[in-house]
Amino acid sequence: MISKIGSTMAILGILAIVLNFLDRVPKVLFWIYLWGDAVAWIIMIAITVVGAALWFLGRGSAATE
């Protein structure tokens, strides 16, 4: 369960970063641009990193069960 949430977050973060270069913003993440571009980048990178960490943690706990 945690790995699915983590992979979804990581994919959403990577998608947001890629779409930012194409001047497209996912509607789910449109609110992050209210504080400016620098904060939006921090949030996108944080979503990606936290999602990847949850995915790795979820994979490790699923393997031990």
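Reader: Contact means heavy atoms within 4.5 Å. Leaving aside its neighbours within four places in sequence, which residues is I17 in contact with?

Author: Bear in mind that this is a predicted model: local features need pLDDT of at least 70, side-chain atom pairs count only at pLDDT 80 or more, and totals for chains, interfaces and linings use all residues. Residues are numbered from 1 along each chain as its sequence is written, and side-chain values use heavy atoms, with hydrogens and water left out. Setting aside neighbours within four places in sequence, I17 makes contact with W41, M44, I45 and T48.

Reader: OK, zoom out for me. How many helices does the protein have?

Author: Helices here are DSSP runs of H or I with at least four residues, strands are runs of E with at least two, and both are numbered from the N terminus. One run, α1, covers 2-21, and another, α2, covers residues 37-64. The C-alpha trace spans about 45 × 20 × 15 Å along its principal axes. The strand count is zero, and the helix count is two.

Reader: What share of the contacts with a separation of 6 or more comes from residues 24 or more positions apart?

Author: S7 and V50 give a feel for pairs that are far apart in sequence: 43 residues separate them, yet their C-alpha atoms are 9.6 Å apart. S7 lies in helix α1 and, beyond its neighbours within four places, is in contact with G51 and W55. Over the protein, among contacts with a separation of 6 or more, the share from residues 24 or more positions apart is 65%.

Reader: Is T48 buried or exposed?

Author: The scale is relative accessible area (1.4 Å probe, protein chains only): under 20% is buried, over 50% is exposed, and in between is partly exposed. T48 sits in helix α2 and, neighbours within four places aside, is in contact with A10, G13, I14 and I17. Because its relative accessibility is 16%, T48 counts as buried.

Reader: And S7, what does its relative accessible area of 24% make it?

Author: S7 belongs to helix α1. With a relative accessible area of 24%, S7 is partly exposed.

Reader: Which helix gives the largest share of the largest nonpolar core?

Author: A nonpolar core is a set of buried Ala, Val, Leu, Ile, Met, Phe, Trp, Tyr and Cys residues joined through side-chain atoms within 4.5 Å. The largest has eight residues: A16, I17, L29, I32, A40, I43, M44 and I47. α1 and α2 each put in at least two of them. Four residues, the largest share, come from α2.

Reader: Flip to the outside. How much accessible area does the patch of I14, V18, F21 and L22 have together?

Author: Patches take residues with over 30% relative accessible area and no salt bridge, joining like charges within 9 Å and nonpolar side chains (Val, Leu, Ile, Met, Phe, Trp, Tyr) within 5 Å; a salt bridge is a side-chain nitrogen of Lys or Arg within 4 Å of a carboxyl oxygen of Asp or Glu. L22, one of the patch members, is in the loop between α1 and α2 and is exposed at 56%. By the Shrake-Rupley method with a 1.4 Å probe, the nonpolar patch adds up to about 430 Å².

Reader: What angle lies between the planes of W31 and W35?

Author: Rings of Phe, Tyr and Trp (its six-membered ring) pair if their centres lie within 6.5 Å; planes under 30 degrees apart are stacked, over 60 edge-to-face, the rest tilted. The whole structure holds three aromatic pairs. W31 is partly exposed at 40%, while W35 is exposed at 54%. Their pair is edge-to-face, with centres 5.8 Å apart and planes at 85°.

Reader: Which residue other than glycine has a positive phi, near 60°?

Author: Most residues other than glycine have a negative phi. This one is in the loop between α1 and α2 and counts as exposed because its relative accessibility is 69%. The residue with phi near 60° is D23.

Reader: Last one: how far apart are the C-alpha atoms of N20 and I2?

Author: N20 has its place in helix α1. Not counting residues up to four places away, N20 touches Y33, W41 and M44. N20 and I2 are 18 residues apart along the chain, and their C-alpha atoms are separated by 27 Å.
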